[in-house]
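Colleague: I've got a model open and I'd like a close look at a single part of it. Please walk me through the longer chain's start and its surroundings, and tell me how far I can trust the picture.

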Amino acid sequence: MLQVNNIDVFYGNIHALKNISLEVNEGEIVTLIGANGAGKTTLLKTLSGLLKPKQGTITYKMQQIGGKPAQAIVKSGISHVPEGRRVFANMSVEENLELGAFLRKDRDGIKKDLDHVFELFPRLKERRKQLSGTLSGGEQQMLAMGRAIMARPNLLLLDEPSMGLAPLIVQQIFEIIQTINKEGTTILLVEQNAHMALSIADRAYVIETGKIVLSGTAKELQESEEVKAAYLGGV
Amino acid sequence: MDWLQQLINGISLGSIYALIALGYTMVYGIIKLINFAHGDVFMLGAFIGFFAITRWEMGFIPALIIAMVVCSIIGMIIERVAYKRLRNATRIAALTTAIGVSFLIEYTMIFFRGATPEAYPQVLPQTNINILGANINSQTIFILVVTIILMILLQFIVHKTKIGKAMRAVSHDADAARLMGINVDNTISATFAIGSALAGAAGVIFGSYYTRIDPLMGVLPGLKAFIAAVLGGIGSIPGAMVGGFILGIIETVVSAVGYSLWRDAAAFIILILILILRPAGIFGKNIREKV
């Protein structure tokens with residue numbers, strides 16, 4: 001579904017991603033784990049069009065999307081839930097969700113998806129008229145995910161959904177990620193919480209200082225000594 | 001009932017400031033630029049309205065609409081030509097450019113038609129209406145009604161339409177807006193278009209109310225509107241409206257009590273006071289948002 005081939009991305013003068021290749025197949029949950037500053041967020045930003053690769057290709061559903069503007073990529077079916085949620089704090093929950101469907105014109109479909117988001121996240125329904133800046137961190141994460149779903153994506157990019165949340169909320173969020181995946185949305189999940197991420201993923205990549213250093217099925221990586229030592233805090 | 005008369009005069013002067021202030025505040029909200037050329041768009045609006053009325057013999061409303069349309073196009077051109085390439089430059093570079101654009105418009109105008117003032121034709125009915133003992137010019141009421149309609153229209157656009165929601169989204173977080181599929185460049189253009197249309201309308205209203213226009217007429221009202229925007233809280237749309245009205249009323253009161261020479265000084269004293277006492281303005285956001 002998504003193929004990234006040998007991309008290089010620069011942040012100003014910093015060579016943030018070096019010759020990265022990865023692949024996401026339809027229906028999978030793929031996770032990308034790595035420490036702070038390894039390049040995880042940069043990769044997602046490049047996939048969603050906020051950054052442009054200097055070299056290499058990004059192919060999504062047989063189409064070149066590398067370097068295209070973000071709105072073209074959203075239109076082609078990729079939604080990105082950014083790090084730190086980035087909800088529109090000055091707008092209500094409902095307005096945030098409406099903005100998620102910005103490029104869509106099918107009113108009935110939007111209405112249906114709004115109901116569906118409220119089913120997935122009942123808390124958002126209770127707070128639909130509330131300004132999203134007043135929500136708790138967990139609720140904002142739910143809103144950011146709901147907003148992305150409103151674009152009806154085939155591929156959902158999630159950047160650190162567990163960041164700064166209580167373990168119980170993280171648990172909930174990860175359950176919902178699995179539900180969304182079962183409903184047919186492919187997921188690329190970036191996480192620092194490697195333990196949680198590997199527990200729900202099919203496959204995984206490990207990124208270190210801008211390079212992919214390991215890849216395999218989630219199970220393989222869970223058992224890999226290197227991953228255990230570096231990311232699972234194990235012996 | 002002299003005070004009521006003065007109050008209404010103040011409100012109508014304030015409504016002109018408010019219309020200009022809206023453009024300042026909207027542009028600031030979306031690209032964090034104080035667009036000092038905005039007062040000159042107001043001047044261009046006044047001249048476009050003047051030509052529409054004198055050359056093409058239009059009435060007030062058609063002239064107002066023409067001025068708004070032409071000014072919105074001018075606003076978009078200014079943004080595309082001068083500011084767009086500075087999107088990632090330092091703020092001071094953009095600010096300096098804005099001042100440059102302001103001079104460019106003023107002196108291009110003087111170059112082509114000279115600096116002589118023009119007398120605005122009488123386009124609005126002039127009758128005195130007696131309300132609660134106050135003698136009020138029908139023109140004042142008419143101007144007030146037009147301004148309020150424009151403000152309601154703006155509120156509707158910003159809160160109910162797709163482009164308005166896109167504008168609010170971009171002003172809050174441009175990258176997050178991109179991820180929604182919003183075209184940020186077009187949204188910024190639309191913001192300039194709407195802000196400049198309001199300035200154009202203010203130009204025509206100003207011309208028909210004060211009857212004298214010239215190529216440098218935008219400087220002082222532009223600065224005053226900027227003060228109004230800061231007073232209300234720059235970036236806040238209701239703030240610009242309230243700031244405009246407050247400033248208009250204060251100026252009128254200062255004149256009415258006999259200190260008309262102090263009118264402009266009063267405005268700048270307000271700016272200084274607000275910057276010292278409450279830099280965020282009346283509606284300014286000082287609240288940190290939860291992350």
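Modeller: Here's a walk from the start of chain B out to the rest of the model.

This is a predicted model, where local features need pLDDT of at least 70 and side-chain atom pairs count only at pLDDT 80 or more, while totals for chains, interfaces and linings use all residues. Residues are numbered from 1 along each chain as its sequence is written, and chains are lettered from A and ligands numbered from 1 in the order in which they are written.

Let's begin with Gln5(B), which sits in helix α1 of chain B. Helices here are DSSP runs of H or I with at least four residues, strands are E runs of at least two, and both are numbered from the N terminus. Gln5(B) has 19 other C-beta atoms within 10 Å, so it counts as partly exposed; 20 or more would make a residue buried and 12 or fewer exposed, with C-beta atoms placed from the backbone. Beyond neighbours within four places in sequence, Gln5(B) is in contact with Ala134(B), Asn135(B) and Ile136(B) (contact: C-beta atoms, placed from the backbone, within 7 Å). Ile61(B) is 56 residues from Gln5(B) in sequence, and their C-alpha atoms are 25 Å apart.

Now for the inside. The largest nonpolar core holds 160 residues, and Ala67(B) and Ala201(B) have the most contacts within it. Such a core is a set of buried Ala, Val, Leu, Ile, Met, Phe, Trp, Tyr and Cys residues joined through C-beta atoms within 7 Å. Helix α1 of chain B, residues 2-31, gives the most to this core, with 16 residues. Ala67(B), apart from neighbours within four places in sequence, touches residues including Gly45(B), Ile48(B), Gly200(B), Ala201(B) and Val204(B).

What does UniProt list for this part of the chain? Its unreviewed entry gives residues 6-26 of chain B as a "transmembrane region", and residues 90-112 are also among those listed; positions are in the numbering used here, feature names are shortened, and annotations may be inferred rather than shown by experiment. In the model, residues 6-26 of chain B are 100% helix and 0% strand, with end C-alpha atoms 30 Å apart. Residues 90-112 of chain B are 96% helix and 0% strand, and their end C-alpha atoms lie 33 Å apart.

Stepping back, chain B has eleven helices and four strands, and its C-alpha atoms fill a box of roughly 55 × 45 × 35 Å along the principal axes. Buried residues make up 49% of its 291 residues. Of its contacts between residues at least 6 apart in sequence, 74% join residues at least 24 apart.

Chain B also has company: 16 of its residues are in contact with 22 residues of chain A. On the chain A side, α2 (70-75) and α3 (93-100) each supply at least two residues. Chain A itself has ten helices and ten strands.

As for trust, the mean pLDDT of chain B is 91, and 97% of its residues reach 70 or more; pLDDT is the predictor's confidence in each residue, from 0 to 100. Residues 287-291 of chain B fall below 50, and this stretch has four contacts beyond near neighbours in sequence. Where pLDDT is low, the predicted coordinates should not be read in detail. The model scores ipTM 0.93 and pTM 0.90.

Key: Contact = placed C-beta atoms within 7 Å.
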